[in-house]
Amino acid sequence: MSCRRTGERDGGTLSTRPVEGSPVWDVPARCSPHADIADGQALLWVTAGGLCRSSAERQRLNRIRPGLLAGFCHPEAAPGEVVLVAQWMAWLFLLDDRVDESDVGRDADLLEEYLHDLQGTALGTRGAAGPMGQALEDLVARASAGMGEVWQFRFRRNVSDYLSACVWQAAHRQAGQVPRPDVFPRWRRACGAILPSFDLVERADGGALPSCVSYSRPYQDLLLAAADLVCWTNDLMTVDKEAAHGDPHNLVLVTAHDRRQDRRTAATEVAAACEHRMRTYTSACRDLTDLTATLGLPDTVRDHADRCAASLLVWIRGHLEWGLRTPRYGARDTYAKES
């Protein structure tokens, strides 16, 4: 598998088409017809909730189009589901950028305090405080409607893990340390908020999977492989931006540092790792089909499990398509620091 590159600056490896040749590119890039509406609804929701702290934030959110991302990742979902995902993405983009591109994201204790109320909202242990907390409470309530308590607890836990991972990143930035490669993939999934985003796949595809499926080895294998593919292909696209910002939380940069390689060589290794994760995903999909048959689950449940598994591949492909179109991953896409 090759990784074609353009714009190599100081060893940079910004990929124009990550993991070229991977089977993920065999999946057609389809976009929901509701993407434009979702963009508009996400911006209305953000404005009504007072989430943007400046016109620059709102303009940036408008440029990167959370509704387009939702549309590519959920091309067949109902309009309301695409809007919900777009609003979730808008909330994530705003918080991510405030953490990643401000001083608060480089002080773990300050960030822990900054995120304290959001953690309580995510876990349901305290009422929402401030616009971002109220927006998160709204998202959790609407996402959980009709999904059952087990799914809601899982979604809340995954959101909480994302917030904790932000503090983990801040601690490494503060200490000037590059993460160790043996722990980075797990934290990278959490930092990317991939698992709560994947929880919404179940919702969009018809409801919560039973625990015997969602916690089974095949489903967990394909879920984590898909999450890694989203994160690592993202890292191939964003390595120049993150290197320019001095942020080592990128698998290419972690690999280059650990193995004392240039970024081009490290990017080739990350592309090969993506290929391995793709094989894991494909194998786990077959194992999941066998497992649901062995368990004697109803055909409706088996079909739902297979549909969710297939939707994760659509999500990977959709995220890639959006990533190649958005200005978000350009090295110059930033705004003034805010504390």
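Helix α4 is largely enclosed by the rest of the structure, because 19 of its 22 residues are buried. This is a predicted model, so treat everything here as a description of that prediction. From its first C-alpha to its last, α4 reaches 31 Å, close to the 32 Å expected at 1.5 Å a residue.

One residue to look at in this helix is Trp 88; α4 itself covers residues 79-100. Is Trp 88 buried or exposed? With a relative accessibility of 1%, under the 20% cut-off, Trp 88 counts as buried. Once you set aside the neighbours within four places in sequence, Trp 88 still touches Leu 136, Leu 139, Val 159, Ala 193, Pro 196, Ser 197 and Leu 200. There's also Ala 70, which sits 18 residues from Trp 88 in sequence and 9.2 Å from it in space, going C-alpha to C-alpha.

Now for α6, a helix made of residues 116-123. Its buried residues are Leu 118, Gln 119, Gly 120, Thr 121 and Ala 122. What covers them? The cover includes α4 again, along with α7 and α8, the last of these being residues 149-175. Right after α6 ends, you'll find Gly 124 with a positive phi of about 75°.

Next, two helix pairs. Packed helices like these are described by the angle between their axes and the distance between the axes. Here are those values for both pairs:

| Helix pair | Angle between axes | Axis distance |
|---|---|---|
| α6 (residues 116-123) and α7 (residues 130-144) | roughly 15° | within 9 Å |
| α1 (residues 35-48) and α2 (residues 55-64) | about 165° | 10 Å |

Take α6 and α7 to begin with. Their axes cross at roughly 15°, and that makes α6 roughly parallel to α7. The crossing is right-handed. On the α6 side, the contact is made by Leu 118, Thr 121 and Ala 122, while α7 brings in Met 132, Gly 133, Leu 136 and Glu 137. Sorted by class, this contact has 4 nonpolar, 2 polar and 1 charged residues. Leu 136 may ring a bell, as it also turned up among the contacts of Trp 88.

Then there's α1 with α2. These two pack at about 165°, and are therefore roughly antiparallel to each other. Here, too, the crossing is right-handed. Leu 43, Val 46 and Thr 47 of α1 meet Arg 58, Leu 61 and Asn 62 of α2. The class split for this contact is 3 nonpolar, 2 polar and 1 charged.

Finally, a look at some backbone angles. Most residues other than glycine have a negative phi. Which way does Arg 65 go, positive or negative? Its phi is positive, near 55°, and Arg 65 is not a glycine. You'll find Arg 65 in the loop between α2 and α3, where α3 is residues 66-73. At 25% relative accessibility, Arg 65 counts as partly exposed.

Ala 193 also has a positive phi, near 55°, and is a residue other than glycine. Where does Ala 193 lie? It is in the loop between α9 (184-191) and α10 (194-204). Ala 193 has a relative accessible area of 1%, so it is buried. And this brings us back to α4, since Ala 193 is one of the residues in contact with Trp 88, which has its place in that helix.

Key:
Residues are numbered from 1 along each chain as its sequence is written. This is a predicted model: local features need pLDDT of at least 70, side-chain atom pairs count only at pLDDT 80 or more; totals for chains, interfaces and linings use all residues. Side-chain values use heavy atoms; hydrogens and water are left out. Axes are lines fitted to C-alpha atoms, for helices over the stretch in contact, and angles run from 0 to 180 degrees between N-to-C directions. Helices (H or I, at least four residues) and strands (E, at least two) are DSSP runs, numbered from the N terminus. Angles under 35 degrees count as roughly parallel, over 145 as roughly antiparallel, 65 to 115 as roughly perpendicular and the rest as oblique. A crossing is left-handed if the near helix is turned anticlockwise from the far one by less than a right angle, and right-handed if clockwise. Contact means heavy atoms within 4.5 Å. Ala, Val, Leu, Ile, Met, Phe, Trp, Tyr, Cys and Pro count as nonpolar, Asp, Glu, Lys and Arg as charged, and the others, Gly among them, as polar. Buried means under 20% relative accessible area, exposed over 50%, partly exposed in between (1.4 Å probe, protein chains only). The expected span of a helix is 1.5 Å times one less than its number of residues.
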